[in-house]
Amino acid sequence: MPRYYFDLRDDTGVALDEEGLELASWRAVQAEAAKSVADMARAAPAAGGRQTMAIDVRDARGPVMQVKFSFAIETFRTPAVSRDH
């Protein structure tokens, strides 16, 4: 079974996957990459501005796929601070 590596890429750099995963199908590779980028998005700080993140998938022969996600937070006004909390 082929081994695939899922390198994490964001605005600060790249974290290389040293272990990889053995996956039996191309569909499984795509699903794992999509899940990984979704996990990155959930863990991203809620700071303003734009943020881009990606999963670079490679095998023993080199790159095979990239899954990207980007979002922007635009603040139009500062919310009123509640004195109840």
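Glu-22 is partly exposed, with a relative accessible area of 44%; the term covers values between buried, under 20%, and exposed, over 50%, with a 1.4 Å probe and protein chains only. Its side chain meets that of Arg-3 in a salt bridge, at 3.4 Å from N to O. A salt bridge here is a side-chain nitrogen of Lys or Arg within 4 Å of a carboxyl oxygen of Asp or Glu. Arg-3 is likewise partly exposed, at 33% relative accessible area. Because Arg-3 belongs to strand E1 (residues 3-10) and Glu-22 to strand E3 (residues 21-22), the pair ties together parts that are 19 residues apart in sequence.

The model is predicted: local features need pLDDT of at least 70, side-chain atom pairs count only at pLDDT 80 or more, and totals for chains, interfaces and linings use all residues. Residues are numbered from 1 along each chain as its sequence is written, and side-chain values use heavy atoms, with hydrogens and water left out.

In the whole structure, a search finds five salt bridges. Side chains of opposite charge can pair when their charged atoms come close. Asp-39 and Lys-35 form one such bridge, at 3.1 Å from N to O. These two residues are four apart in helix H1 (residues 26-43), which means that about one helical turn separates them. Asp-39 also forms a salt bridge with Arg-42, where the closest N and O atoms are 2.4 Å apart. Here the spacing is three residues in helix H1, again about one helical turn. Lys-35, Asp-39 and Arg-42 are thus linked in a network of salt bridges. Within this network, Asp-39 is partly exposed at 30% relative accessibility, Lys-35 is partly exposed at 47%, and Arg-42 is exposed at 62%.

The protein has one helix and five strands, where helices (H or I, at least four residues) and strands (E, at least two) are DSSP runs numbered from the N terminus. Along the sequence they follow the pattern β-β-β-α-β-β.

The overall dimensions complete the description. The C-alpha trace spans about 60 × 25 × 20 Å along its principal axes. The radius of gyration is 17 Å, whereas a compact globule of 85 residues would have one near 12 Å; the radius is taken over C-alpha atoms, and the globule rule is 2.2 Å times the number of residues to the power 0.38. Buried residues make up 27% of the 85 residues.
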